[in-house]
Amino acid sequence: MFKIIKPRYIVLLALAILLGYGFSYLKGMESAANIIMKDDEILRLSSDLAETSKSKAQVEVELQTSQILVDQLTEQQRILFNENAELKRELVFYRRIMAPEDVINGVKLESLTFIPEVSEDYYFMQLVLMQVQKKKRHIKASADLIFYGSLDGEPVEYRWNELVDKKQQKLSFSFRYFQVVEGSIRFPLGFVPERVAFVGKVKGNRWNSGVNLKQSFDWSAVLQTSDSISG
């Protein structure tokens, strides 16, 4: 009733079992090797991460240090700027003391400048009139500018209202401390300016009598070129 298994089948079965165990063993070894490799990779990445974190911390410290230095330099710059501004104010004050002829009845022409515009023969003008007496009173004044020069070899002169657009206001002032008046003029073609005269009239009030101001400047002294601006 029972069949006798031939020996060769028994051998084949044994070989199959051995091959199966061998294959399982090899797969296990391969898996173990992969696990070891993964562990090494994790250790390497962990080391890299730690190094990166250390570098990041160093960079943050350097940035903080740099920001502190920037803040300190900014504060020093602010202090120097204020000191420079104060020195300029003191210089202006002492100049007024040393040159009282520039101050008439407490009023002074602080500055008069002309800057060439892009359009040919056009100039941007800025005029600053200020009160320098200790007790500041409200001042009203009017002014005119007279330009002396030559045209086609002949001496000529032009007044402010001859060189400005009709829409522009006249040179009038109403202030307590100072006032800046700006405008644009256009010289006639071929006109070569040589001098400019400022003629002002301060209206009298109950504190001060009326007074006339007059100052004359060489054109080169009031002309502000790109070289003088950059310098």
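Helices (H or I, at least four residues) and strands (E, at least two) are DSSP runs, numbered from the N terminus. By that rule, Asn 161 sits in helix H2 (residues 160-163).

A word on the ground rules before we start. This is a predicted model, where local features need pLDDT of at least 70 and side-chain atom pairs count only at pLDDT 80 or more, while totals for chains, interfaces and linings use all residues. Residues are numbered from 1 along each chain as its sequence is written, and side-chain values use heavy atoms, with hydrogens and water left out.

**Exercise 1.** Work out the order of the elements in the protein.

*Solution.* Start with the tally: four helices and nine strands. Then walk from the N terminus, and you get α-β-β-β-β-β-α-β-β-β-β-α-α.

**Exercise 2.** Find out which strands pair with E3, and in which sense.

*Solution.* Two strands pair if DSSP finds at least two bridges between them.
- Step one: take strand E2 (residues 107-116), which pairs with E3 in the antiparallel sense over nine bridges. Thr 113, for instance, has Gln 126 of E3 as its bridge partner.
- Step two: look at the connection. E2 and E3 make a hairpin with five residues between them, and Asp 121 in the turn has a positive phi of about 70°.
- Step three: turn to strand E7 (residues 178-186), which also pairs with E3 in the antiparallel sense, over nine bridges. Here Tyr 123 has Ile 185 of E7 as its bridge partner.

**Exercise 3.** Why is strand E3 largely enclosed by the rest of the structure?

*Solution.* Get the scale straight: buried means under 20% relative accessible area, exposed over 50%, and partly exposed in between (1.4 Å probe, protein chains only). Now go along E3 (residues 122-131): seven of its 10 residues are buried, so the strand is largely enclosed. For the background, 21% of the 231 residues of the protein count as buried.

**Exercise 4.** Describe the surroundings of Val 180, a residue of strand E7.

*Solution.*
- Begin with exposure: Val 180 has a relative accessible area of 38%, so call it partly exposed.
- Next, contacts, meaning heavy atoms within 4.5 Å. Leaving aside residues up to four places away in sequence, Val 180 touches Gln 126, Leu 127 and Val 128.
- Check one of those: Val 128 is 52 residues from Val 180 in sequence, yet their C-alpha atoms are 4.5 Å apart.
- Last, the surface. Tyr 177, Phe 178 and Val 180 form a nonpolar patch with about 310 Å² of accessible area together. Tyr 177 belongs to the loop between strand E6 (172-175) and E7, and is partly exposed at 47% relative accessibility.

**Exercise 5.** Classify the ring pair of Phe 147 and Trp 219.

*Solution.* Rings of Phe, Tyr and Trp (its six-membered ring) pair if their centres lie within 6.5 Å; planes under 30 degrees apart count as stacked, over 60 as edge-to-face and the rest as tilted. That rule gives nine aromatic pairs. For Phe 147 and Trp 219, the centres are 6.4 Å apart and the planes stand at 70°, so the pair is edge-to-face. Phe 147 lies in strand E4 (residues 139-151) and Trp 219 in helix H3 (residues 219-222), so the pair ties together parts that are 72 residues apart in sequence. Both residues are buried, and they belong to one aromatic cluster whose members include Phe 114, Tyr 123 and Tyr 158.

**Exercise 6.** Is Asn 161 buried or exposed?

*Solution.* Its relative accessible area is 58%, so Asn 161 is exposed. For its position, measure against Asp 144: the two lie 17 residues apart along the chain, with 8.2 Å between their C-alpha atoms.

Conventions
Patches are made of residues with over 30% relative accessible area and no salt bridge: like charges are joined within 9 Å, nonpolar side chains (Val, Leu, Ile, Met, Phe, Trp, Tyr) within 5 Å. Accessible areas come from the Shrake-Rupley method with a 1.4 Å probe; for residues, only the protein chains shown count as cover. A salt bridge is a side-chain nitrogen of Lys or Arg within 4 Å of a carboxyl oxygen of Asp or Glu.
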